[in-house]
Amino acid sequence: MKKLMYLLALTAIVAIFATGCSNADSQSKSDSGSEKTETTDVKKELLHTQMDFTAEFSPNYAPIAAYQTALADEESTDDVIKTSAEAAKKAADEGAAKLADYKLESNLPDEEKEAFTASLESLKAYFEEISKAIDASQTEPNLDAAQKQFDTFQSDLEGLYKDAGLQVPDMTTALS
């Protein structure tokens, strides 16, 4: 009878131990699952924010890209370059003005939203530098300062996308 009591007690202890371990394992799986869901939500929201942002600002970037293409094309006439310069300047001025008052509408977590918003200062500076360069010379502008600002914008976003586990978009292509 004593052996049966010991066996019963041992079985109960093993059952309690096994139940405790499986609950801890399921809790850790649950925590891991919520982290994956949160990461997935951030990824989705970041991509959604990028789509909205590029849709908003590609009309300001596209004329600048067309102007740069006209400058690089040896067959472009001065009239073509001047016409595209005027369109690019107008787009750059409008882009800078839009960014000065821009409020990022996004459901990103605060940290990511702040990082994305901070990167927009470089894009605003890019538009301003494009405008200054065109004012200085329509046919032979020095766009180095503008390019430096755009590179800063791109690298600021790079960290945000890498932290989210996403491939970093080329914003030149995304905005074109």
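The following legends describe close-up views of a predicted model of one protein chain.

**View 1. The chain as a whole is built from helices.**
The protein chain contains five helices and zero strands. Read from the N terminus, its elements follow the order α-α-α-α-α. Of the 176 residues in the chain, 31% are buried. The accessible surface amounts to about 11,100 Å², and carbon and sulfur atoms account for 53% of that surface. Among contacts between residues at least 6 apart in sequence, 75% join residues at least 24 apart.

**View 2. The confidence of the prediction varies between the elements.**
The mean pLDDT of the protein chain is 83, and 77% of the residues reach 70 or more. Among the elements, α2 has the highest mean pLDDT, 95, whereas α1 has the lowest, 68. Over residues 2-12 the pLDDT is below 50, and this stretch has zero contacts in the model beyond near neighbours in sequence. Residues 28-35 also have a pLDDT below 50, again with zero contacts beyond near neighbours in sequence. Where pLDDT is low, the predicted coordinates should not be read in detail.

**View 3. The largest nonpolar core draws on several helices.**
This core has 37 residues, and the members that touch the most other members are Phe-53, Phe-116, Tyr-126, Phe-127 and Phe-153. Two or more residues each come from α1, α2 (78-100), α3 (110-136), α4 (144-163) and α5 (171-175). Helix α1 gives the most, with nine residues. Phe-116 may be examined as one of these members. Leaving out residues up to four places away in sequence, Phe-116 touches Leu-46, Thr-49, Phe-53, Leu-104, Leu-157, Leu-160 and Tyr-161.

**View 4. Phe-57 and Tyr-102 form an aromatic pair.**
The model contains ten aromatic pairs. In the pair shown here, the ring centres of Phe-57 and Tyr-102 are 5.1 Å apart and the ring planes stand at 75°. Planes over 60 degrees apart count as edge-to-face, so the pair of Phe-57 and Tyr-102 is edge-to-face. Phe-57 belongs to helix α1 and Tyr-102 to the loop between α2 and α3, so the pair ties together parts that are 45 residues apart in sequence. Phe-57 has a relative accessible area of 0% and is therefore buried. Lys-98 lies over the face of Phe-57, at 5.0 Å from the ring centre.

**View 5. Ring pairs join a set of aromatic residues into a cluster.**
The cluster links Phe-53, Phe-57, Tyr-61, Tyr-102, Phe-116, Tyr-126, Phe-127, Phe-150 and Phe-153. Phe-57 and Tyr-102, the pair of the previous view, are among them.

**View 6. Thr-54 is a buried residue of helix α1.**
Helix α1 covers residues 2-72 and includes Thr-54. The relative accessible area of Thr-54 is 10%; because buried means under 20%, the residue counts as buried. Apart from neighbours within four places in sequence, Thr-54 is in contact with Met-171, Ala-174 and Leu-175.

**View 7. Lys-148 is an exposed residue of helix α4.**
Lys-148 lies in helix α4. With a relative accessibility of 60%, Lys-148 is classed as exposed, because exposed means over 50%. The C-alpha atoms of Lys-148 and Tyr-126 are separated by 7.9 Å, while the two residues are 22 residues apart along the chain.

Technical notes:
Residues are numbered from 1 along each chain as its sequence is written. This is a predicted model: local features need pLDDT of at least 70, side-chain atom pairs count only at pLDDT 80 or more; totals for chains, interfaces and linings use all residues. Side-chain values use heavy atoms; hydrogens and water are left out. Helices (H or I, at least four residues) and strands (E, at least two) are DSSP runs, numbered from the N terminus. Buried means under 20% relative accessible area, exposed over 50%, partly exposed in between (1.4 Å probe, protein chains only). Contact means heavy atoms within 4.5 Å. A nonpolar core is a set of buried Ala, Val, Leu, Ile, Met, Phe, Trp, Tyr and Cys residues joined through side-chain atoms within 4.5 Å. Rings of Phe, Tyr and Trp (its six-membered ring) pair if their centres lie within 6.5 Å; planes under 30 degrees apart count as stacked, over 60 as edge-to-face and the rest as tilted. A charge sits over a ring if NZ of Lys or CZ of Arg is within 6 Å of the ring centre and within 35 degrees of the ring normal. pLDDT is the predictor's confidence in each residue, from 0 to 100. Accessible areas come from the Shrake-Rupley method with a 1.4 Å probe; for residues, only the protein chains shown count as cover.
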